[in-house]
Structures are given as structure tokens and as C-alpha cells.
Amino acid sequence: MLLSRYTNPSRMLHCILRMNSSTFKILNDIPTEKTVPQFTVGRKNGFLPWGTPLARLPEPFKIIDEILDEAPYYKRDGTPGLLATGSFGEYVREKLPLLDVSNIKDSALLFALYRDYTFLTSQYILEPCHLHFLASKFKDYGLGRSRLPANIAVPLVSLAKQLGAKPFMEYTCYATYNWQKIDPSGNLDPQNLKLIRHLEGSQHETGFAAVHIAMVQHSGDLVSNVQDVIDSAEKKDREEFDICLKKLLETIKVINVKMDTMWEQSSPKAFNNFRSFMMGIKNQPMFPKGVVYEGVSEEPTFYRGVSAANDSIVPTIDNLLELTNSMPDNSFTAMLRDFRTYRPINHSEYLSYVEEKAKSVGVHAFATQDSNSTVLYQALLDQVSEFRERHWRFTKNYILKHSKHPRATGGTPIITWLPNQLATVMQSIVNIQNFIKEDELSNENKQLYIELTKKADTQLRILNREVEELKKEYPGQDMEFQEVEGYKSKRVQVQPATAFIQRQSAVA
Ligand code: HEM
């Protein structure tokens, strides 16, 4: 009875891995079994696949390699590809047979096929949008293709079902399952990476995706450190807890330093040359009636586009620090939750596990019982703020300076969604001072706590002013978003000018 629910062996094994433990089974080693899902959270691989992504497909799928080699705006030899001449749609309709993907046992092939069909999908429906964007004076995207042909749609839906994923391009397809090492013995820093599939084909595109991969290569340490923080809080071992918080802090700092290499790896001016193909269907003016997947259903679909909001690093830290729960109760936070469904199923389960476990163990409560632990906790919040603040700077420089399009690739309002989370973290850094008794602090921690509190307070005021200014240029950023599943209210409350400053975070 139980086995019959899982027609795919990799899915079945995945469920058994979960059922073995009342908590969550983190991989300690790289599996030897080929059916283990590629994206299974582990102490070594973290949020990367446990195997090396499959770069070339076997027969009878080689035709997909051929089409995807021909597709990018610039092919590997630098000549224009199908997307540059607007001939991708016709080419793929004619050349791609309807292939049977219903029984793929090898998890590497399964994910590679899923990645490749999502590339075909995004290139197909967004090809007209990219050409429109390049030609239009006002830098808008026009309309996308509203019907996906059966030779793409049917296999994609089958693959997505086998994986428990959405039949649309996710972050894993574009970044974390899309790399090859140049020197196989080297690490995953951008200098040693090339992409398997391209949308545009420039070095800027490679650099953009590579920075994400370079950051995620440290997620194994993150997973280990997060678990150690939870375990030491559960044991109520103060000394060990503080050591674990410090180790986690060092790991996040390393990840943040990698993030900062974006500026040199990928130029802000080049971003819009490949961004069009990352757009989704949901909350996007290019797809007012969604997209019909022919051969599957005449009911239109609405999926979010590629966004690193699907990455699991920040949501894991948010959950450990019990920040997610302190986000305001509005449609923006509902979007944050919705993003958590756009990732490998094992990652979603891991995020839920960290959220529930941190709450039941009382990570925040245990930290704030001691002033010196509280400062360490505050320093972790500061790193989350640094991540989101740098990220907001990316958005201003890579996107807002070059386009007035009102929605990000994941379908969020471009100038209000990121500040929703950033402001919450900054406010939490300020509020947590209520738990700190200065006379109990070491000299080093006293200095740190004063600096962090002052910095967050100042940044919060600047952010608030900035968003209010930007709202004048981008109307409709507080609009209702009925499409967000589970969101009951009809309208996001229009925030008063001081709302970000006044918001009372539940964290402190
Ligand atoms: C040029 C660089 C980048 C730009 C312009 C950018 C832009 C954006 C935008 C506009 C969003 C809003 C969500 C949506 O797509 O609808 C977003 C979300 C997000 N991005 Fe990026 N991004 C960049 C790089 C990165 C990198 C390197 C990471 C690292 C993993 C990252 C992680 C995230 C996360 C975690 C979110 C969710 C934010 C939150 O929870 O507050 N981004 N990004």
C-alpha cells in the first residue's frame, strides 16, 4: 500500500530517508546509490547536488543537447544563436520529438532532463519578450507566448511530478545544477566554473550564476553549524552554544564575502541581456492569462520565475534565528512563504524542520537568557542584514538603474518586497538590545553591540526614506496580490512613511 504511492524509486527512497527519523535525516556522506535524489541536504554537499551535474544527455535525449547548444543569444563560438534571430520557437516546435521520460531511475539524469526542459520552456515562452525588451524605447517586455507546445510541456510535467517539483525553471536548474568545474580538482569559485546551459551566453551570465554556486559551496558547513547550534541549545550547554554561534557566524561571513564578488564577476549593465528569460508567469504583465501547457490541460498555469529567493541559505538562517515568524503579517511575507515551495522537496522539508526545531528548542529564548550570547545572536542578525542590504544594493544597481519593469523575476513588486524582509531584520537588531545588560558584557562584546545597534538604526531610517522616494517612480507596489496562495486579506495595508521604522518585531 505504502509502496504503491511512490511510482518513482528515487522518490520512495527519499521518503524512507525521512521516515527513519523523527527529526530530519541529514546526509553525512556522499551517497553511493544512484537513485538518491540529487538535492538531498548533507553535511558535505549542503544545498548543492550530491553528485556532479550531468552535462551531456544520453540517447535518445541528445537532440535536447543539440537544441540547447543552438539556443543562446551567443553560442559557444560567439556566433548568434536561435534566440538572437527570434527563430527558437519555430525550431523547437519542428525539431523536438515528444520524448518518453516517464521512467527515469538515475537521479542525475532525472534532474538534468528537468533542468533542460525548463530551459526549453523559459526560452520558448519568453523569446518574444526578450526581443521586445531590446527593441522597445520604454524597456518593457510586451507579451509572451501563452501556449507551451506538448513536445515540451508533457515531458516537463512528467519530470516535475517524479521530482515533486513545479514544472517551471527553478534556481536549481539555472544555478546549482548547471555547472562544470574547469579544473576537476579545484573548488567551486567563479574562476573555476563554466555553465552547462546558457540563456544568453556571455561571460557576465556565467559570472552571475557562478557567484551563487560559489556561495552555496559553503552550505555544507552552514548545515553542520546550524545543527550544532540547535543541539547545544537543546542541551542548554551555554559554553558550547556560544562556540557554535561563533562558528556559524564565521561561515556566514565567508558566504557574504563571496557574494560581494558579484560586482567584478558580472556587470550591472549586462544583467538585462539575460534577465528576460528568468521571468516567470505569475504576477507578470507579459502573461495576463497565464500559459497553457498543451497536451496536459487547457487550464492556464502561473509559476514564479527563477529567483535566488529559492536558494536555501537565507531561509535556513531566518528559520534558525526565528526571524521568519517575526516578518509582518502581510502579502509580502506570504510571498516569502510561497517561494519556499519553489525548491527541491528535501530542501523544503529541511527548512520546515529547522523552523520547527528552533522554535521547540527555543534558540532565541536560550540566546537571550545571557547577554553575551545575545550579542553573538545580534551579530548573526547583522550578517543576515548585511546579506539583504548588499542585495538591495544589487537590485538598485543591476535592475532599477536599467529598467522600470515593476516586477522582479520571481513576480514580487520590485521596490517593496525586499525591504519588507530587510527592515524586519534591521528592526530586530535594534530591538534585541532590550535583552542586553551592558554590565554583563565582555569589553569586546560591549563595543560590538554598540556598533551593530547604531548601524542598524541608521540603515533602517535610510531604507525607509529610499523606499518612500522610489514609490513615487514605481506606482502599484503595494497592490493586492490575490494570486498568492493562502493569502486571505484583500489588500496590503499601505504603509505610512514611518512604518518600517516603527514596525515592532516579534524577535525582540
Ligand atoms: C546581481 C545580483 C542580484 C540581483 C539583481 C538580485 C535580485 C533579486 C530580486 C529582485 C529579488 C526579489 C525576488 C524576486 O525575484 O521576485 C531577489 C530575492 C532574493 N535573492 Fe537575489 N539578486 C541578486 C543576487 C543574489 C545572490 C548572489 C544571492 C545569493 C544566494 C541572492 C539571494 C536572494 C534571496 C535569498 C532572495 C530572497 C530575499 C529575502 O528573503 O529577503 N540574490 N533577488
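**Close-up views of a predicted model**

**View 1. Glu-322 sits in the loop that links helix 13 to helix 14 (331–339).** This is a predicted model, like everything in the views that follow. Phi of Glu-322 comes out near 60 degrees, a positive value in a residue other than glycine. That's worth a second look, because most residues other than glycine have a negative phi. As for its surroundings, Glu-322 has 19 other C-beta atoms within 10 Å, so it's partly exposed.

**View 2. Lys-236 is another residue with a positive phi, here about 55 degrees, although it is not a glycine.** Look for Lys-236 in the loop between helix 9 (219–235) and helix 10. Is Lys-236 buried or exposed? Lys-236 has 12 C-beta neighbours inside 10 Å, and a residue with 12 or fewer counts as exposed, so that's the label Lys-236 gets.

**View 3. A cis peptide bond runs from Glu-59 to Pro-60.** Its omega is near 5 degrees. For context, most peptide bonds are trans. Pro-60 belongs to the loop between helix 1 (9–19) and helix 2.

**View 4. Pro-72 is a buried loop residue, found between helix 2 (62–70) and helix 3 (82–85).** Why does Pro-72 count as buried? There are 26 other C-beta atoms within 10 Å of Pro-72, and 20 or more is enough for a residue to be called buried. Set aside the neighbours within four places in sequence, and Pro-72 is in contact with Gly-81, Leu-83, His-198, Leu-199, Glu-200 and Gly-201. Ala-84 is twelve residues from Pro-72 along the chain, with 7.5 Å separating the two C-alpha atoms.

**View 5. Helix 14 and helix 18 pack at about 95 degrees, their axes 9 Å apart.** An angle like that makes helix 14 roughly perpendicular to helix 18. On the helix 14 side, Phe-332, Thr-333, Met-335 and Leu-336 make the contact; helix 18 brings Trp-417, Asn-420 and Gln-421. By class, this contact has four nonpolar and three polar residues, with no charged ones.

**View 6. Helix 8 packs against helix 10 (residues 238–259) at an angle of about 170 degrees, with 9 Å between the axes.** So helix 8 is roughly antiparallel to helix 10. Where they meet, helix 8 offers Val-211, Ala-214 and Met-215, while helix 10 offers Ile-255, Lys-258 and Met-259. The tally for the contact of helix 8 with helix 10 is five nonpolar, no polar and one charged.

**View 7. The ligand has 26 residues around it.** Closest are Ser-307, Ala-308, Ala-408, Gly-410 and Gln-421. Gln-421 has already turned up in View 5, in the contact between helix 14 and helix 18. Which helices each supply at least two residues of the shell? They are helix 8 (203–216), helix 13 (313–320), helix 17 (371–400) and helix 18 (417–431). Helix 17 gives the largest share, six residues. Sorted by class, the shell around the ligand has 15 nonpolar, nine polar and two charged residues.

**View 8. Stepping back, the ligand's shell lies between two domains.** Why there? Residues of the shell come both from domain 1 (25–217 + 263–303) and from domain 2 (218–259 + 308–502), so the shell lies between them.

Key: Residues numbered from 1 in each chain as written. Predicted model: local features only at pLDDT ≥ 70, side-chain atom pairs only at ≥ 80, totals over all residues. Near = placed C-beta within 6 Å. Helix = DSSP H or I, 4+ residues; strand = E, 2+ residues; numbered from the N terminus. Nonpolar A, V, L, I, M, F, W, Y, C, P; charged D, E, K, R; others polar. Domains from an automatic or database assignment. Axes fitted to C-alpha atoms, helices over the stretch in contact; angles between N-to-C directions. Parallel < 35°, antiparallel > 145°, perpendicular 65-115°, else oblique. Contact = placed C-beta atoms within 7 Å.
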